[in-house]
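Morning, everyone. I have one structure to walk through today, sheet first and then the packing. Here it is on the screen.

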Amino acid sequence: MKVLLNAKQIDTILNKLTNRIVADIPEGVEIAVIGLRSRGEVVAQRLAVRLSEKIGTEIPCGTLDITLYRDDLNSPKSGSQPQVRTTEITFDINDKLIILVDDVLHTGRSARAAMDALIDLGRPKAIRLAVLVDRAGREFPIQADYAGYKADAKPGQLVQVLLKESDNKEQVVIEKD
């Protein structure tokens, strides 16, 4: 296991992501932040707080469960029953610029599933993807609009984000799969 990012580096990256998002928001456009369960949810909450402070108005934040939208849901290779959890979006997403947040962008399959799920909830003005870590290995033509760190992970390696809220640790590590 190799540590790619420590707590201070994660904090710095979140500040940079916040600044880039604020710089890109067109005047008068309402935004909302939605994180993918489970670690994308934590990153989204942190970004929403920082965006709210920077912009000076509260930015709504929600959580999206993509389990039922995954393309491997009925795969014979999966072997286990997926755990469906709740989507918690208490605001209208129509005509808002949605900042969709995940911890790691790898194949693009989770982002694709998330976009399908969002479209079922309404019609956002636009969707922008923000990720803490971007790594190679896309299977779909999806890229992050805002990527904090580009990880040089080889096939068979796992990039794992550990956050204090869920893991009692704050770091990004790379390990053999």
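Start with one strand pair. Strand E4, residues 97-105, runs parallel to strand E5, residues 126-135, and 8 bridges join them. To find your place, look at Val101: its bridge partner in E5 is Ala130. Keep in mind that this is a predicted model.

Now zoom out. That pair belongs to an open sheet of 5 strands. The order is E3-E2-E4-E5-E6, and the pairing is parallel. Which strands sit at the edges? E3, residues 61-64, and E6, residues 146-151; each pairs on one side only. From one strand to the next, the twist averages 25°.

Next, the helices. Helix H2 covers residues 39-55 and lies across E2, E3, E4 and E5. Its direction is about 160° to E2, which is residues 31-36. Helix H3, residues 109-121, also lies across E2, E3, E4 and E5. H3 runs at about 155° to E4.

On to the packing. The largest nonpolar core has 34 residues. Which of them touch the most other members? Leu132, Val133 and Val172. By element, H2 gives the most to this core: 6 residues.

Take Val172 in detail. Leave out residues up to four places away in sequence, and Val172 touches Lys2, Val3, Leu4, Leu5 and Ile10, among others. Its contacts also include Leu132 and Val133, two residues already named for the core. Val159, Gln160 and Val161 are on the list too.

Last item. There is a second, separate core of 20 residues. Leu64, Ala111, Val131 and Ala147 are among them. Questions, please.

Definitions and conventions: Residues are numbered from 1 along each chain as its sequence is written. This is a predicted model: local features need pLDDT of at least 70, side-chain atom pairs count only at pLDDT 80 or more; totals for chains, interfaces and linings use all residues. Side-chain values use heavy atoms; hydrogens and water are left out. Two strands pair if DSSP finds at least two bridges between them. Helices (H or I, at least four residues) and strands (E, at least two) are DSSP runs, numbered from the N terminus. Axes are lines fitted to C-alpha atoms, for helices over the stretch in contact, and angles run from 0 to 180 degrees between N-to-C directions. Contact means heavy atoms within 4.5 Å. A nonpolar core is a set of buried Ala, Val, Leu, Ile, Met, Phe, Trp, Tyr and Cys residues joined through side-chain atoms within 4.5 Å. Buried means under 20% relative accessible area, exposed over 50%, partly exposed in between (1.4 Å probe, protein chains only).
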